[in-house]
Amino acid sequence: MKKCLTLLLAAGLVFSAASSASAIDFKAQGEWLVGFAGGQGNFVDKTRTAENGKKKADSSDRFTASQRVRLQLDAVASESLSGTVFFEIGDQTWGSGGTYGKGSGGAMGADGVSVEVKRAYIDWMVPDTDLKVRMGIQGIQAPSFVLKRAQSFGDDVAGIALSYQFNEYVGATAFWARPYNDNFSGYNKNSNKSYNKSYMDNIDLGGLFIPLTFDGVKITPWGMLAGIGPNADRVGEDYFAGSDSDVWGTSIGKFRQGMLPAFGVVGSDGRTVHDIKLSEYGTAWWAGVTGDITYWDPFRVAFDFTAGGVSYDESRLNRAGWMAALLVEYKFDWGTPGIVGWYASGDDDDLGNGSERLPTLSTGMSDNDLSHFAFDGNPYIAREGTLGNSMAGTWGVGLRVKDFSFVEDLKHTFRINYIGGTNDHEILKKLNRATGTWVAPNQGGVGVENMYLTDLDSALEIGLYNEYKMYDNFKIALDANYVALFLDDGHKTWKYSAMNGKSRDVRDAWNVNVSFVYEF
């Protein structure tokens with residue numbers, strides 16, 4: 001009898017679990033991508049060494065084959081409750097086994113550690129309200145109608161977002177995110193003692209977006225505020241070891257590039273960020289407005305304006321700037337031609353007053369809609385961002401003809417952009433006097449998240465994107481781009497630098513990328 005009761009109870013539990021499981025609707029969507037690219041994505045062939053010799057700078061292959069898989073799984077209980085996990089396998093370069101023994105899975109044998117959890121969150125609604133809540137690792141980005149991705153912040157990040165639609169005209173999204181925390185391992189007074197592990201090393205970011213929608217007009221004012229712990233960019237170097245210590249660390253590259261003064265130099269005496277020990281929280285802010293006007297359809301006008309700043313208890317580390325962009329286009333039956341222009345503030349020539357460039361916390365999801373090669377814009381695996389991921393310190397005008405087509409299922413987008421710098425060229429001479437060396441425009445590193453173009457430098461980008469829809473879920477994309485770089489030599493701006501306007505070391509960059517994309 002006991003055995004029968006036990007069996008009946010077990011059967012009941014099984015059927016109860018099956019009934020419960022059947023109430024969950026599992027949905028899957030994803031993207032399989034295989035791409036082949038040929039070209040050179042570096043403007044430098046060789047760089048000068050300290051011994052006045054030359055060293056090859058670009059060792060990347062002229063031809064690469066790569067692949068990537070993205071898979072999103074949604075567990076939907078109802079309209080009010082669901083959970084999402086988003087995996088990515090890759091980017092995997094064919095033939096490459098990765099570095100440091102981890103293995104990307106691209107070499108023979110294929111086994112590798114290459115699965116990433118890009119996002120993992122739950123969506124739920126507060127009962128008897130229209131308030132939507134998203135909690136977990138998710139994609140958050142500042143809004144932009146011109147660029148598609150704003151230049152201040154956009155990335156996968158852990159946090160909580162609240163969204164509410166007040167009526168058909170007004171909505172709001174508020175969020176809190178924690179980009180960095182508990183990455184600081186503490187300072188060491190000697191080899192066997194450490195302290196202050198994880199102390200004041202967090203960055204907390206809050207934001208409010210207010211989308212307004214009217215007849216033919218969309219406008220979104222927005223703002224963000226962040227608190228930056230003094231140890232947020234430190235990785236536990238030995239501050240008490242002497243001049244060789246790297247107080248600011250090196251592992252959190254995105255933060256260092258977009259939130260500090262150019263090249264890390266903060267004084268005419270050659271003092272750098274590595275010589276400064278912060279003790280208080282810093283403050284960063286961004287505010288902007290973006291609009292999309294289709295009221296005069298087929299005319300469309302879009303605009304962006306963003307301002308922002310970051311301040312520390314050492315004022316020479318401060319950074320503040322702004323950027324504005326405008327797009328005007330007209331939609332024909334055969335395509336949509338348009339003109340675009342932007343301007344972003346640049347550094348002045350004072351090494352002791354911080355930076356005048358727009359700070360960027362991260363542009364990891366930039367996908368710049370105006371540029372597929374000079375900036376980070378290609379949605380697939382390709383060489384891109386030859387000038388950088390950020391448009392800070394640049395201005396430009398461009399012509400774009402979007403989605404024109406002469407053959408069914410085949411469309412094209414043509415772009416041409418003239419890009420200039422807004423950084424004062426005199427700052428380079430002062431950097432030379434302060435440090436005894438000449439920097440290169442593509443040197444990168446602290447405070448430089450893109451090629452450092454001065455007000456005497458420019459570049460020309462030409463690109464043609466082609467997309468053929470072979471099946472409903474399968475397309476082939478061919479993206480060809482060319483960027484010519486023009487560095488000033490008349491004022492000796494880059495004299496003795498690793499890139500010189502008269503040197504054969506400087507070359508143009510180009511790329512041809514073919515992508516095979518299966519989406520479902």
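Two strands pair if DSSP finds at least two bridges between them. Strands (E, at least two residues) and helices (H or I, at least four) are DSSP runs, numbered from the N terminus. Keep both ideas at hand, and let's start the tour.

**Before you click**

You are looking at a predicted model, in which local features need pLDDT of at least 70, side-chain atom pairs count only at pLDDT 80 or more, and totals for chains, interfaces and linings use all residues. Residues are numbered from 1 along each chain as its sequence is written, and side-chain values use heavy atoms, with hydrogens and water left out.

**Stop 1: the whole chain**

Show everything as a cartoon. The chain has 23 strands and three helices. Of its 520 residues, 46% count as buried; buried means under 20% relative accessible area, exposed means over 50%, and partly exposed is in between (1.4 Å probe, protein chains only). Switch on the surface: the accessible area of the chain is about 25,300 Å², and 57% of this belongs to carbon and sulfur atoms. Such areas come from the Shrake-Rupley method with a 1.4 Å probe, and for residues only the protein chains shown count as cover.

How many of the contacts between residues at least 6 apart in sequence join residues at least 24 apart? The share is 66%, where contact means heavy atoms within 4.5 Å.

**Stop 2: E15, E16 and E17**

Select residues 282-293 for strand E15 and 299-311 for strand E16; the two pair in the antiparallel sense over eleven bridges. They form a hairpin with five residues between them. To see one pairing up close, pick glycine 291, which stands opposite phenylalanine 303 in E16.

Now add residues 319-330, strand E17, which pairs with E16 in the antiparallel sense over twelve bridges. Which residue in E17 is the bridge partner of phenylalanine 299? Select tyrosine 330 to find that partner.

Go back to the loop between E15 and E16 and click on proline 298, which sits there. A cis peptide bond joins aspartate 297 to proline 298, with omega of about 20 degrees. Most peptide bonds are trans, and most residues other than glycine have a negative phi.

**Stop 3: two positive phi values**

Select phenylalanine 263 in the loop between helix H2 (253-258) and E15. Phi of phenylalanine 263 is near 65 degrees, a positive value in a residue other than glycine. Is phenylalanine 263 buried or exposed? It counts as buried because its relative accessibility is 12%.

Then move to aspartate 409, in the loop between strand E19 (394-407) and strand E20 (410-421). Here phi is near 70 degrees, again positive in a residue that is not glycine. Aspartate 409 has 39% relative accessibility, so it counts as partly exposed.

**Stop 4: E1, E4 and E5**

Colour strand E1 (residues 25-40) and strand E4 (residues 63-78), an antiparallel pair with 14 bridges. Alanine 28 stands opposite leucine 73 in E4. Next, colour strand E5 (residues 81-93), which runs antiparallel to E4 and is joined to E4 by eleven bridges. E4 and E5 form a hairpin with two residues between them. Serine 66 has threonine 93 in E5 as its bridge partner. While the side chains are on, remember that in a regular strand they alternate between the two faces of the sheet.

**Stop 5: proline 221 and glycine 258**

Select proline 221 in strand E14 (residues 217-228). It counts as partly exposed because its relative accessibility is 30%. Draw a C-alpha to C-alpha distance to valine 289: the two are 4.2 Å apart in space and 68 residues apart in sequence. Not counting residues up to four places away in sequence, proline 221 touches Leu208, Phe209, Ile210, Leu212, Gly288 and Val289.

Glycine 258 is in helix H2. With a relative accessible area of 0%, glycine 258 is buried. Leaving out residues up to four places away in sequence, glycine 258 touches Arg319, Pro359, Thr360 and Glu449.
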